[in-house]
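Student: I should like a close look at a single part of this structure. Please take one residue, set out its surroundings, and work outward from there.

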Amino acid sequence: LEQVVAAARRELLPEYEGKNMDVYEEVKPDRIELPNLQSSLRQAELQSGDILVLQERTSDNALSCRAYYDFLLHKVTVRVRDKTEPAAEKFSLDLHSQSTYDQVLKAVAG
């Protein structure tokens with residue numbers, strides 16, 4: 001598996017050559033796992049159509065693969081309209097369904 005990931009990275013992401021990367025497998029949208037890179041494709045039970053995600057390992061608070069998939073799973077689109085013109089949408093926001101009031105305020109203030 002490690003050789004397959006390395007070859008795909010060289011071909012598809014040459015700008016990340018030499019950088020530390022994490023590899024995730026999307027088992028289901030709500031289940032993201034770190035596959036064993038030392039295993040074979042058969043042992044890892046990977047087949048055509050499976051999704052592998054490569055993410056650069058960073059020290060800052062960049063959105064992680066797991067957090068991104070969690071956001072996609074719990075995303076709600078909030079549409080804001082003027083009460084006097086309900087047909088005209090002023091703007092819309094994609095928010096996490098478990099966003100706090102402060103997070104919503106920050107997104108609206110944008």
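Tutor: Not counting residues up to four places away in sequence, Asp22 touches Val53, Leu54, Gln55 and Arg57. The model is a predicted one, and the values that follow are computed from it. With Arg57 the contact can be specified further: the side chain of Asp22 makes a polar contact with the side chain of Arg57, at 2.8 Å. Is Asp22 itself buried or exposed? Its relative accessible area is 18%, and buried means under 20%, so Asp22 counts as buried.

Asp22 lies in strand β1, which spans residues 21-28. This strand belongs to an open sheet of three strands in the order β2-β1-β3, with antiparallel pairing. The edges are taken by β2 (31-33) and β3 (51-56); each has a single partner strand, so one side of each is left without a neighbour in the sheet. From one strand to the next, the twist averages 30°. Between β1 and β2, the antiparallel pairing runs over three bridges, and Glu26 stands opposite Ile32 in β2. In general, strands of a sheet pair through backbone hydrogen bonds, either parallel or antiparallel.

Val23 has a contact list of its own. Leaving aside neighbours within four places in sequence, Val23 is in contact with Val5, Glu33, Leu34, Pro35, Leu37, Leu52, Val53 and Leu54. Val53 and Leu54 also appear among the residues that Asp22 touches. Val23 is, moreover, a member of the largest nonpolar core, which has five residues and also includes Leu1, Val5, Ala44 and Leu46. As a general point, the side chains of a regular strand alternate between the two faces of the sheet.

A further pairing of strands involves β4 (residues 75-82) and β5 (residues 85-96), which run antiparallel and are joined by eight bridges. These two strands form a hairpin, with two residues between them. Within this pairing, Val78 has Leu93 in β5 as its bridge partner.

Between β5 and α3 (101-109) there is a loop, and Gln98 is placed in it. Gln98 counts as exposed because its relative accessibility is 58%. The C-alpha atoms of Gln98 and Phe71 are separated by 9.6 Å, although the two residues are 27 residues apart along the chain. Ser99 also has its place in the loop between β5 and α3. With a relative accessible area of 24%, Ser99 is partly exposed. Its side chain reaches the backbone oxygen of His96 at 2.8 Å. To return to the starting point, the C-alpha atoms of Ser99 and Asp22 are separated by 27 Å, and these residues are 77 residues apart along the chain.

One aromatic pair is present in the structure. Tyr68 and Tyr69 form this pair, which is edge-to-face, with 6.2 Å centre to centre and 85° between the planes. The term follows from the angle, because planes over 60 degrees apart count as edge-to-face. The two residues are classed by accessibility as follows: Tyr68 counts as partly exposed at 40% relative accessibility, whereas Tyr69 counts as buried at 14%.

Technical notes: Residues numbered from 1 in each chain as written. Predicted model: local features only at pLDDT ≥ 70, side-chain atom pairs only at ≥ 80, totals over all residues. Heavy atoms only, no water. Phe/Tyr/Trp six-rings, centres within 6.5 Å; stacked < 30°, edge-to-face > 60°. Buried < 20%, exposed > 50% of the residue type's maximum accessible area, 1.4 Å probe, protein only. Pairing = 2+ DSSP bridges. Helix = DSSP H or I, 4+ residues; strand = E, 2+ residues; numbered from the N terminus. Core = buried A, V, L, I, M, F, W, Y, C linked by side-chain atoms within 4.5 Å. Contact = heavy atoms within 4.5 Å. Axes fitted to C-alpha atoms, helices over the stretch in contact; angles between N-to-C directions. Polar contact = N/O pair within 3.5 Å; in protein donor to acceptor, adjacent residues only side chain to side chain.
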